[in-house]
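Grab a coffee and open the viewer. Below are a few exercises to work through, each followed by a solution that goes step by step.

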Amino acid sequence: VYYACKDQSEWVSKRPGCLYELVARFSPAEPVDYDLIIAFLATLVWGGSGGQRPLFVITSDSGRGAGKTTFTSLLTSIVGGSLQLSSQADDHITKQRLLSPEGLEKRTVLLDNVKSLKFSWAEFEALITSEKISGKQMWTGEASRVNRITYVITINGPSLSTDLAQRAITIKLGKPKHDGDWLADTAKFISENKTNIIAE
């Protein structure tokens with residue numbers, strides 16, 4: 001991913017503190033979750049090697065209505081949104097979607113509202129750690145991409161397989177205290193301050 005700018009000064013935030021202002025709009029359950037949200041945002045724009053990103057698990061003791069999906073949707077919009085997968089998806093179809101023209105533009109993959117007493121998916125585990133994603137691109141043939149994707153799961157009461165748990169960072173959200181305009185205001189804040197957030 002190449003960020004085009006005339007010089008480095010363009011990537012100095014014109015609104016210092018907007019990153020922390022954004023995180024404060026959510027309801028991290030504990031102080032450590034506040035820091036982990038910042039780590040999640042930093043991972044989205046990190047330029048590290050393929051297959052080196054952790055799995056982020058978004059959960060809450062409050063259950064439904066805690067805003068896990070909204071949290072993920074809003075924060076990943078900073079880098080172009082997420083490609084949403086189903087845990088029942090065929091491995092070949094998943095790779096086709098990731099290698100499609102639209103999928104190639106996505107830097108995050110979301111498994112939303114996973115329902116499982118102990119979530120395990122061998123192909124998904126392999127996908128997280130693969131340096132490259134290779135498969136069939138529709139109408140083209142064999143294709144590949146460097147796996148700089150950040151994978152996210154939203155789940156209540158996470159119980160993961162050992163392999164997934166070893167790769168996972170859990171962010172816990174508290175009960176939201178939002179007013180009726182919170183969603184629109186937060187989306188507008190992100191849209192207006194995207195460059196500043198990335199700069200910070």
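## Exercise 1: a pair inside one helix

Lys188 and Glu192 sit 4 residues apart, about one turn of the helix, and both belong to helix 7 (residues 182-199). Keep in mind that this is a predicted model.

Task: work out what links Lys188 and Glu192, and how far apart their closest N and O atoms are.

Solution. Start with the distance: the closest N and O atoms of Lys188 and Glu192 are 4.0 Å apart. Next, hold that against the cut-off, which is within 4 Å for a salt bridge. The pair is counted as a salt bridge. Finally, check the surroundings: Glu192 has a relative accessible area of 53%, and the line for exposed is over 50%, so Glu192 is exposed.

## Exercise 2: the other salt bridges

Task: find out how many salt bridges the structure holds, then say which parts of the chain the Asp61 bridge ties together.

Solution. The count comes to 3 salt bridges. One of them pairs Asp61 with Lys172, with 3.4 Å between the closest N and O atoms. Asp61 is in the loop between strand 1 (55-60) and helix 3 (68-76), while Lys172 is in strand 7 (residues 168-173), so this bridge ties together parts 111 residues apart in sequence. Asp61 is exposed at 66% relative accessibility, whereas Lys172 is partly exposed at 29%.

Another bridge joins Glu21 to Arg15, where the closest N and O atoms are 3.2 Å apart. Here Glu21 is partly exposed, at 32%, and Arg15 is partly exposed too, at 34%.

## Exercise 3: a strand residue

Task: decide whether Thr150 is buried or exposed, and list what it touches.

Solution. First place the residue: Thr150 is in strand 6 (residues 150-155). Its relative accessible area is 1%, and buried means under 20%, so Thr150 is buried. Leaving out residues up to four places away in sequence, Thr150 touches Phe40, Thr43, Leu44, Arg53, Phe56, Arg107, Thr108 and Val109.

## Exercise 4: the whole chain

Task: how does the radius of gyration of the chain fit with that of a compact globule?

Solution. Begin with the elements: there are 7 helices and 7 strands, running α-α-β-α-β-α-β-α-β-β-β-α-β-α from the N terminus. Then take the globule value, near 16 Å for 200 residues; the chain has 17 Å, so the two agree. Buried residues account for 40% of the 200. As for contacts between residues at least 6 apart in sequence, 79% join residues at least 24 apart.

Technical notes. Residues are numbered from 1 along each chain as its sequence is written. This is a predicted model: local features need pLDDT of at least 70, side-chain atom pairs count only at pLDDT 80 or more; totals for chains, interfaces and linings use all residues. Side-chain values use heavy atoms; hydrogens and water are left out. Helices (H or I, at least four residues) and strands (E, at least two) are DSSP runs, numbered from the N terminus. Buried means under 20% relative accessible area, exposed over 50%, partly exposed in between (1.4 Å probe, protein chains only). Contact means heavy atoms within 4.5 Å. A salt bridge is a side-chain nitrogen of Lys or Arg within 4 Å of a carboxyl oxygen of Asp or Glu. The radius of gyration is taken over C-alpha atoms; the globule rule is 2.2 Å times the number of residues to the power 0.38.
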